[in-house]
Amino acid sequence: MSGFTKEIIAKTFTELLDEKPMSKITVKDIVERCGVNRNTFYYHFKDIPDVVEFILKKKWDEILEHPQDRASILECMEEMIDSGEK
């Protein structure tokens with residue numbers, strides 16, 4: 001369940017990025033949207049940059065699981081950048 005909650009918080013954050021810049025997203029925005037309380041957010045993450053780090057590490061792990069699907073390190077980096085824009 002803990003991993004599920006962490007994923008929901010991260011997914012909610014990425015959804016909010018479609019609506020406004022990261023500098024305008026607050027913890028309150030995230031918890032209201034995903035239906036968890038502030039304590040739950042802070043149990044899983046220390047702050048919003050920690051959520052960003054979690055998302056990027058997860059994407060990097062996905063890339064490393066199947067490196068043969070990418071032609072070069074440049075392609076891996078482009079995929080990381082693209083994941084941050086979604």
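**Exercise 1. Place methionine 22 in the fold and state whether methionine 22 is buried or exposed.**

Step 1. Methionine 22 sits in the loop that links α1 (2–17) to α2 (27–34). Helices here are DSSP runs of H or I with at least four residues, strands are E runs of at least two, and numbering starts at the N terminus.

Step 2. Note the source. This is a predicted model, in which local features need pLDDT of at least 70, side-chain atom pairs count only at pLDDT 80 or more, and totals for chains, interfaces and linings use all residues. Residues are numbered from 1 along each chain as its sequence is written, and side-chain values use heavy atoms, with hydrogens and water left out.

Step 3. Check the cover. Buried means under 20% relative accessible area, exposed means over 50%, and partly exposed lies in between (1.4 Å probe, protein chains only). Methionine 22 has 41% relative accessibility, so methionine 22 counts as partly exposed.

Step 4. List the partners. Leaving aside residues up to four places away in sequence, methionine 22 touches Phe13, Leu17 and Val52. A contact means heavy atoms within 4.5 Å.

Step 5. Add a distance. Methionine 22 and isoleucine 48 are 26 residues apart in sequence, yet 8.8 Å apart in space, C-alpha to C-alpha.

**Exercise 2. Describe helix α4 and its N-terminal end.**

Step 1. Helix α4 covers residues 48–65, 18 residues in total. From first C-alpha to last, α4 reaches 26 Å, close to the 26 Å expected at 1.5 Å a residue. The expected span is 1.5 Å times one less than the number of residues.

Step 2. Find the cap. Aspartate 47 caps the N-terminal end of α4, with a side-chain oxygen 3.0 Å from the backbone nitrogen of aspartate 50.

Step 3. Pick out the buried residues of α4: Ile48, Asp50, Val51, Phe54, Ile55, Lys59 and Ile63.

**Exercise 3. Classify the aromatic pairs around phenylalanine 41, tyrosine 42, phenylalanine 45 and phenylalanine 54.**

Step 1. The structure holds three aromatic pairs. Rings of Phe, Tyr and Trp (its six-membered ring) pair if their centres lie within 6.5 Å; planes under 30 degrees apart count as stacked, over 60 as edge-to-face and the rest as tilted.

Step 2. Phenylalanine 41 and tyrosine 42 are 5.1 Å apart, centre to centre, with 85 degrees between the planes. That pair is edge-to-face.

Step 3. Phenylalanine 45 and phenylalanine 54 have ring centres 5.6 Å apart and planes at 70 degrees, so this pair is edge-to-face.

Step 4. Join them. Phe41, Tyr42, Phe45 and Phe54 form one aromatic cluster.

Step 5. Compare the cover. Phenylalanine 41 is buried at 0% relative accessible area, whereas tyrosine 42 is partly exposed at 38%. Phenylalanine 45 and phenylalanine 54 are both buried.

Step 6. Locate tyrosine 42: helix α3 (residues 38–44). Tyrosine 42 lies 9.2 Å from valine 27, C-alpha to C-alpha, at 15 residues' separation in sequence.

**Exercise 4. Summarise the protein chain and the make-up of α2.**

Step 1. The protein chain has five helices and zero strands. From the N terminus on, the order is α-α-α-α-α.

Step 2. Of its 86 residues, 31% count as buried.

Step 3. In α2, the buried residues are Val27, Asp29, Ile30, Val31 and Cys34. Glycine 35 follows α2 and has a positive phi, near 80 degrees.

Note on methods:
A polar contact is a pair of N or O atoms within 3.5 Å; within protein, one must be able to donate a hydrogen and the other to accept it, and residues adjacent in sequence count only if both atoms are side-chain atoms.
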